[in-house]
Amino acid sequence: MASTAHIAKEFLRPAVRAVRRLMEKDVFEARHWQPGSKVQFSGITVSEPLEVDFLWYSGPENFSQVFVDADFPVHQDYPLTGTKLLPLIEVYTASGRRYLSLVHCPKTGVVFHQLLPSHEWQHKYYAENWDASGQVQSANADAFMKTRGNKVEKILTRADLKAGGRVLDVGCGYGDQLFYLKQKGYQVFGLEPSRHRAKFASQLLGTPILNSPVEGEQVHANLSGLGGKFDLIYLNHVFEHLYDPRAVAAMLREFLADDGVLMIGVPDYFSECTTSFSNLIIHTHSFTKNALVNLLGLAGFKPKQDLSYPGYVYCLFEKSAGERAPQEDPLTEKVVRHLFRQFNLVSRQLRPGHVVSVASFIGNMETGYRVKRAPILAEARQALNDAKSKGAEALRRCLPIKIVMPYEQPCIWQK
């Protein structure tokens, strides 16, 4: 029988979500400084997207500037072949080379980077440099565990899962979440691309952790050596980091027991700062709950249980008979409004010379831009209104937002 506390949480959850929606306007702050009188307000025309020069980025100390000497191939025919994607933000070098392109898929609702550094560059980065400043020594394991909350175990207590089953944590980090599940009697296995994290997790758990990329042909071979299928596979704040999460989910489906459960936990798109997301490519994807369900449907899963809470999407999935066509996402206008709101594009007329500071209170990040050109305020508002009835096409006249970086070489921020 469900506990009183559990029942209370279930009744309170809709109220918490309603409060969250009311508070969304306070998650981001856009400030503007009027340019001096010598600045000429020229070049503004109707149907002209916003173009800005990058001025500054500030965030947690463990985020640093990285120049990328690698190709940025286009993510072709993704997530659906033949889908006409809606460009949101494009990032350019000072000399005019486009190297990042953040897009929205109106069919599935997924927001993702269509241009990313090559697989080889990403695999090397996660193996060698990811969280390098946060390396933990095994001698400090007890102190380390005292700082780690058992988030996954607490979420899973709301689900009806088989006790003592086989569990695989994809992107297990330091192994702390598997540690809590092991204490509950589960047979735990982990996969982690970071060398120092995988080493620590092995010592903490007393069991080998696969030190391997999360995607690619080698992953399938590595998982095949673990001796059977899993009752639970989960990716806790990993899915949004992947180059091709649909392909990873489809691959993991092979290793999930027929009655097994896949759990995905990601940040909610409406709690992320899209302007920072555009050049902080730690997160390659951003999801609403509907977008996550649609993408998993394409990989052969159907939703089993929603365990989401404000700011984060957590869903349990089970196998479906085959690939499930997405239910067309109705949130395109809201996705773009979320972006426009961060630049204050629908509440105030921007003009060349204005400085826009976009601050996210989640993650303590701020990005500054100087406006080079901007759409007419009424035009941006009308595009959003038209999108409700005419769909994504109405928004193309005000998109993509163009961000010009002051560097000749592609520059991103990484952890």
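Start with the disulfides: in this predicted model the structure holds zero of them. A disulfide is a covalent bond between the sulfur atoms of two cysteines. Select Cys-398 and you will find a residue that counts as buried, because its relative accessibility of 1% is under the 20% cut-off. Select Cys-411 next, which is also buried, with a relative accessible area of 0%.

**The open sheet**

Now colour the strands of the open sheet, which has seven of them in the order 9-8-7-10-11-14-13, with mixed pairing. The edges are strand 9 (210-211) and strand 13, each of which pairs on one side only. Strands of a sheet pair through backbone hydrogen bonds, either parallel or antiparallel.

For a parallel example, select strand 7 (residues 166-170) together with strand 8 (residues 187-192), which pair in that sense over five bridges. Within this pair, Val-167 has Val-188 of strand 8 as its bridge partner. Add helix 5 (residues 176-183), which packs on the sheet and touches strand 7, strand 8 and strand 10 (230-236), while its direction makes about 170° with that of strand 8.

For an antiparallel example, go to strand 13 and strand 14, which pair in that sense over five bridges. The bridge partner of Pro-303 is Phe-317, in strand 14. These two strands form a hairpin with five residues between them, and in the turn Gly-311 has a positive phi of about 95°.

**A loop residue beside the hairpin turn**

Keep Gly-311 on display and select Asp-268, which lies in the loop between strand 11 (256-267) and helix 9 (274-277). Leaving out residues up to four places away in sequence, Asp-268 touches Phe-287, Thr-288, Gly-311, Tyr-312 and Val-313. If you show side chains, you can also follow that of Asp-268 to the backbone nitrogen of Phe-270, which it reaches at 3.0 Å.

**Helix 10**

Is helix 10 largely enclosed or largely open to the outside? Eight of the 10 residues of this helix (residues 289-298) are buried, so helix 10 is largely enclosed by the rest of the structure. Among the buried residues are Ala-291, Asn-294 and Leu-298. To see what surrounds them, display helix 8 (245-253), strand 11, strand 13 (301-306) and strand 14 (312-319), against which the buried residues of helix 10 pack. Just after the helix, look at Gly-300, which takes a positive phi of about 95°.

**The nonpolar cores**

In soluble globular proteins, nonpolar side chains tend to be buried together. The largest nonpolar core here has 59 residues, and those with the most contacts inside it include Leu-50, Phe-343 and Ile-401. Helix 11 (residues 332-343) gives the largest share of this core, five residues. Centre the view on Ile-401 and, leaving aside its neighbours within four places in sequence, you will find it in contact with Leu-50, Leu-88, Ile-89, Glu-90, Leu-339, Phe-343 and Leu-345. Apart from this core lies another, of 42 residues, among them Leu-168, Met-251, Phe-255 and Leu-298.

**Last stop: Ala-387**

Finally, select Ala-387, which is found in helix 12 (residues 377-390). With 8% relative accessibility, Ala-387 counts as buried. Its contacts, not counting residues up to four places away in sequence, are Glu-333, Ala-394 and Leu-395. If you draw a distance from the C-alpha atom of Ala-387 to that of Lys-334, the separation is 9.4 Å, although the two residues are 53 residues apart along the chain.

Notes: Residues numbered from 1 in each chain as written. Predicted model: local features only at pLDDT ≥ 70, side-chain atom pairs only at ≥ 80, totals over all residues. Heavy atoms only, no water. Helix = DSSP H or I, 4+ residues; strand = E, 2+ residues; numbered from the N terminus. Polar contact = N/O pair within 3.5 Å; in protein donor to acceptor, adjacent residues only side chain to side chain. Contact = heavy atoms within 4.5 Å. Buried < 20%, exposed > 50% of the residue type's maximum accessible area, 1.4 Å probe, protein only. Pairing = 2+ DSSP bridges. Disulfide = S-S within 2.5 Å. Axes fitted to C-alpha atoms, helices over the stretch in contact; angles between N-to-C directions. Core = buried A, V, L, I, M, F, W, Y, C linked by side-chain atoms within 4.5 Å.
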